[in-house]
Amino acid sequence: ELEAFYDAVAPHAEAAIAHLDGHELDALPEDAGRLLQLLHSFILVSYAVNVFQQARIPYVAAYAVHPDVTKEGNWAFRGVLLGPPQGKGAAKFIADKFGKAKVAMITMNNDFGQSIADGFKEQAPKLGLTIVKEYTFGLGERQFGPIVASVKADNPDVIYAIGYYFV
């Protein structure tokens, strides 16, 4: 799958970079932010995994929660847990701590956030959790006021936030 991803993205990489150069990094529109994340994954993970696989050199990805990263052969490894089991574990923790709770999700819109959210959304209903709404944010997001106001209006028992934030 990574080879297919690489083959699909490679012919368009220069045009994508030129498109992104037309935006300020701190003010990327959501679609441009997703494109930037796609190119980041393309450059840092898919190519490296293929190169290291062909040369039979072990490759350890420090940041690789998406399941596909290590599927390309027996020379790619990850130093963290897969995202879906992390999400399932979070669902179990919330259910154990709060019972049949209503949960609002705030999820970073990249492979990290989405893969963890996938595991959470799969497990939550099995444990009696109700997801009232899921909000997403991009890596460059700096204004969380609208999300906070919406979550407050949803009146959840628990807020499950998946992501990281750069200052």
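In this predicted model, helix 4 (residues 83-98) and helix 5 (residues 111-123) pack against each other at an angle of about 45 degrees, and their axes lie 6 Å apart. Two packed helices are described by exactly these two quantities, the angle between their axes and the distance between the axes. Angles under 35 degrees count as roughly parallel and those from 65 to 115 as roughly perpendicular, and helix 4 and helix 5 are therefore oblique to each other. The crossing in which helix 4 passes helix 5 is right-handed. On the side of helix 4, the residues that meet helix 5 are Gly-83, Pro-84, Gln-86, Gly-87, Lys-88, Ala-90, Ala-91 and Ile-94, while helix 5 contributes Ser-115, Ile-116, Gly-119, Phe-120, Glu-122 and Gln-123.

Both helices can be placed in relation to an open sheet. This sheet has three strands in the order 4-3-5, and their pairing is parallel. Strand 4 and strand 5 form the edges, since each of them pairs on one side only. On average, and with direction ignored, neighbouring strands of the sheet are turned by 20 degrees against each other. Helix 4 packs on the sheet, where it touches strand 3 and strand 5, and its direction makes about 160 degrees with that of strand 5. Helix 6 (residues 145-154) also packs on the sheet, touching strand 3, strand 4 and strand 5, and its direction makes about 175 degrees with that of strand 4.

The table sets out the two pairings of strand 3.

| Pair | Residues of the partner strand | Sense | Bridges |
|---|---|---|---|
| Strand 3 and strand 4 | 130-137 | parallel | seven bridges |
| Strand 3 and strand 5 | 158-162 | parallel | five bridges |

Individual residues show where these strands meet. Met-108 has Phe-137 in strand 4 as its bridge partner. In strand 5, Val-158 is the bridge partner of Val-103, and Ile-159 stands opposite Ala-104. Strand 3 itself, which spans residues 102-108, is mostly covered, with six of its seven residues buried. Between strand 3 and strand 4 the chain passes through helix 5, and this β-α-β crossover is right-handed. Helix 5 thus has two parts in this account, as the connection from strand 3 to strand 4 and as the packing partner of helix 4.

Elsewhere in the chain, Pro-58 offers a smaller example of how residues come together. Pro-58 sits in the loop between helix 3 (30-55) and strand 1 (59-61). Is this proline buried, partly exposed or exposed? Its relative accessible area is 48%, and because the partly exposed range runs between 20% and 50%, Pro-58 counts as partly exposed. Leaving aside residues up to four places away in sequence, Pro-58 touches Phe-52, Trp-75 and Phe-77. Trp-75 is 17 residues away from Pro-58 along the chain, yet their C-alpha atoms are separated by 4.7 Å.

These details belong to a chain whose secondary structure comes to six helices and five strands. Read along the sequence, these elements follow the pattern α-α-α-β-β-α-β-α-β-α-β. The chain has 167 residues, of which 34% count as buried. Among its contacts between residues at least 6 apart in sequence, 62% join residues at least 24 apart.

Key. Residues are numbered from 1 along each chain as its sequence is written. This is a predicted model: local features need pLDDT of at least 70, side-chain atom pairs count only at pLDDT 80 or more; totals for chains, interfaces and linings use all residues. Side-chain values use heavy atoms; hydrogens and water are left out. Buried means under 20% relative accessible area, exposed over 50%, partly exposed in between (1.4 Å probe, protein chains only). Helices (H or I, at least four residues) and strands (E, at least two) are DSSP runs, numbered from the N terminus. Two strands pair if DSSP finds at least two bridges between them. A crossover is right-handed if, with the strands pointing away from the viewer, the path from the first strand over the helix to the second runs clockwise. Axes are lines fitted to C-alpha atoms, for helices over the stretch in contact, and angles run from 0 to 180 degrees between N-to-C directions. Contact means heavy atoms within 4.5 Å. Angles under 35 degrees count as roughly parallel, over 145 as roughly antiparallel, 65 to 115 as roughly perpendicular and the rest as oblique. A crossing is left-handed if the near helix is turned anticlockwise from the far one by less than a right angle, and right-handed if clockwise.
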